Amino acid sequence: MTGISAFIKNCWYVAAWSDEIGASAFLARSIIGMPLMFWREDGGRLVAFEDRCCHRGAPLSLGRREPAGIRCMYHGMLFEGSGKCIEIPSQEFIPEAARVRTFPVVERHKWVWVWMGDPAHADQSLIPDTHYLDDPGWRGTPGYMHYRANYLLIADNLLDFSHLAYVHEKTLGGSSKYAQIRPKITRTARGIRVERWLLDDEPAPFLKTIKTWPGNVDRWNIYDVVMPGVLLMDSGSAPVNSGAPQGNRQDCAEFFGCQAITPETATTSHYFFQQSHNFALHDPQVTENLRLAVLAGFQEDKDMIEAQQRVLDMDPQFRMLGLRMDTALGNFRLLVEKTIADEQRAPSAASAA
Amino acid sequence: MTGISAFIKNCWYVAAWSDEIGASAFLARSIIGMPLMFWREDGGRLVAFEDRCCHRGAPLSLGRREPAGIRCMYHGMLFEGSGKCIEIPSQEFIPEAARVRTFPVVERHKWVWVWMGDPAHADQSLIPDTHYLDDPGWRGTPGYMHYRANYLLIADNLLDFSHLAYVHEKTLGGSSKYAQIRPKITRTARGIRVERWLLDDEPAPFLKTIKTWPGNVDRWNIYDVVMPGVLLMDSGSAPVNSGAPQGNRQDCAEFFGCQAITPETATTSHYFFQQSHNFALHDPQVTENLRLAVLAGFQEDKDMIEAQQRVLDMDPQFRMLGLRMDTALGNFRLLVEKTIADEQRAPSAASAA
Amino acid sequence: MTGISAFIKNCWYVAAWSDEIGASAFLARSIIGMPLMFWREDGGRLVAFEDRCCHRGAPLSLGRREPAGIRCMYHGMLFEGSGKCIEIPSQEFIPEAARVRTFPVVERHKWVWVWMGDPAHADQSLIPDTHYLDDPGWRGTPGYMHYRANYLLIADNLLDFSHLAYVHEKTLGGSSKYAQIRPKITRTARGIRVERWLLDDEPAPFLKTIKTWPGNVDRWNIYDVVMPGVLLMDSGSAPVNSGAPQGNRQDCAEFFGCQAITPETATTSHYFFQQSHNFALHDPQVTENLRLAVLAGFQEDKDMIEAQQRVLDMDPQFRMLGLRMDTALGNFRLLVEKTIADEQRAPSAASAA
């Protein structure tokens, strides 16, 4: 239960922030254990190559961008964007097998998504809506962290906000009352939805730095965690009795968090995140304060989760104890396990469909 | 023969110096591969917890001391000193399995002892007498080293003082004559006793810095090594012909060394030591000189033993060659192996009895 | 194909530069996974010991040079140059097994060669001729690099000079025309010979810093790679139409490169090299410029090969794609594999003969 060494393949993983891949600069990044290299064709179209020349395994990210594509700078094979080799020094004949594997890749709202499974099933409609990342009605700051932990330990964390009162006691957290709330958990098509309302509570410390509140607030977190590890979170605080639970979102401080956990290897992970807000859009200090608050909180998570990983590493036989607060993460883990098992039974089927 | 991956469980291990565990500070330390966390209840009673929350494996040493006990700062479970969970956020029912494992722990003469096996057999009368550590008639300075070596390689070293003339040639060692002495070796209830007398020899270099000697000395080392790895050493030098071998300890420089090797993992160890002396009690410089001499010597051992471990790591098939000087260490290793085998056959029996 | 964990044993490996082993200083170096310790007897004769005392595995390179040999500074065993133990503290009887393994070792032209297999087959006539290393008619500077890569990846590199135009584009390399040449490859008694001529081409950048050329040059590389991994390379450039291909070596810049790859472990290697030249012998600046050019180029190789090793480590199942340019290296790898298989079938036979 503590770790799953296999990964879901037929799904979209967040691989990068768009601006990590320049017009002429490559990005080398491993995803689910596969070394990848991202680059742009003329005109800007993104390409995701296996970062390993088919010839002798040299990394293509040490290669050279030429008008026609990428040249491996070990022995000079030249590959076009399709992955096909179009030149081999010292021989005319180019065998069919002379190609580098490519992966479907899509750029959406500043995130680069890559499909690690069967390209035939790479249905772009499966990509979650993250327009909050670049919608002019919202503001936020892109973030990235590298984790020395299995991605499911991070997903666990996102799926149980009862940790807010403890890990983030002095930052994002707030009252222990919040930790006591039993969230409403529902199963969605490809994940889990968690809804949690706390009515009539003191504003969290960082909220007070952003806005003046007449008194207590109603707080909510409504979020979806979608396989493989994308969190879409609608959260906010509204003045108590202003009708937020009934749908009135006036005078509230509203956030939309987009977070993505992408396994690098079985024991390391990428973590992409942006917490957007739809108020005080013209006050950069609010955005900056929010960025700092988020970073402080996420660093607390990282410290705890990496420590947890180290402890778990000492005894792979350790069995976790299921509690009521684990309902959402337990359901998510079952879903992931089932999806991996289904893929292994029928690798060519679109398990994500 | 070079390493034993299993450990004796039904025995007392030295885990810490008392003052490493403050009234409110925790000590996290792994022993025989188990992460432990030491803390004090109100009133000072020591508690040894498994440093791993039963819920999801987070380290409790990242937790918070509360009046009632330790709260895991990941999801808020609260554990009292007995290990029982007494609060789970967001649920009333506390399952029987919601407890953290505790270990019998005893504080004696500045050392903290922990029992890693069946608590029913944790007989405190098995703890060796180390009153020299805090007896007002003796002085010495606590020491600790972390070793990158299996604990048995360190025990080997303690059980064969013929290395003094080589490893410690310029510090503790002295003459090669000393290395030639064949010690008297006897089996004790839970270990090995080694007695070695060198009559009419030059005082060791560091002895000359402590006291003026009329001429040659009689030197002795009489020590017990008790499982799992505790050394209790009576040693000293007396003016030649003063009757030291017959029991007269007047005009001698007498030491009592307490040393404990505690496995951290199969390849790393903790080493606790104090060399006490019963002369010049009011001259702190003597104690300080002794501390420096011991540290210099122990660093020489560490350099050699860690190098030995690295060489042995290169070929696990390497077979050591038994020599006469290995009698004591060979007997001790056989005793340890037999004790482990006995425990594995009958885990609940008190092998230490 | 990417790595062979076994090694050839019945062959001469380059272990060191002669001056790495002083009259009284030891050299500790591991070769094909075996820790070795090199030292000199009185009179300068070299000895290669297993760097592991037969008693308890302590490294003898932490020992002491005494008139009679090497004393282990853990417990004092004394070994003479033959490996025989001649003194054991505290016992008279010296068992037959009390000896340290020795290896045939030969010093030739500044290189120290060691035979890792059956000493009965250590035929010195198998040592390749590297007199260019210390012949007064040639000059060059000794070099050494430590590689985090399997030695065969480095041998691959030496056996396929098509990489010159890419890896060394701005240093040793020169034109892509050179990479297009199909070399003549022949099998030799214990390796592979590669001949490559490029007629009427621009001089390589570094050549221009050494000498003024009337125009284009004829370039050649004629080299032998001999098992386990010794490269002997005759190369140079001559004015075009001066008859170099027919054997006239006047007015040319001629080099002789001696390079040796010696496995340290399955994943790390030693690399010894000297590029000698037979012109401008009295201008140290030329030698220095050549040294810098070689170092710059070899660092480029190292960066590429270590990156290749890291990529290969991520997927041991990766299959390399054979191209025409791999003929020489493919043949060499087959030869190495066959030699290892032969040795494993008949360990005592002289596979090198």
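Okay, let's start with how two of the chains relate: turn chain B by 120°, shift it 0.2 Å along the rotation axis, and it superposes on chain C with an RMSD of 0.1 Å. The fit is least squares on the C-alpha atoms of residues with pLDDT of at least 70 in both copies. So that's the relation of a three-fold axis. In chain B, the C-alpha nearest that axis belongs to B:Asp313, 12 Å away from it.

Quick housekeeping: this is a predicted model, where local features need pLDDT of at least 70, side-chain atom pairs count only at pLDDT 80 or more, and totals for chains, interfaces and linings use all residues. Residues are numbered from 1 along each chain as its sequence is written, and chains are lettered from A and ligands numbered from 1 in the order in which they are written.

Now, where do B and C touch? The contact takes 25 residues from chain B and 21 from chain C, with "contact" meaning C-beta atoms, placed from the backbone, within 7 Å. On chain B's side, α2 (164-167), α4 (176-180) and α6 (284-314) each give two or more residues; helices here are DSSP runs of H or I, at least four residues, and strands are E runs of at least two, numbered from the N terminus. α6(B) gives the most, six residues.

Over to chain A. The domain assignment, automatic or from a database, gives domain 1 (12-124) and domain 2 (125-345). Their C-alpha centres lie 33 Å apart, and 17 residues of domain 1 are in contact with 17 of domain 2. On the domain 1 side, β1(A) supplies the largest share, five residues.

Note on methods
Two residues are in contact if their C-beta atoms, placed from the backbone, lie within 7 Å.
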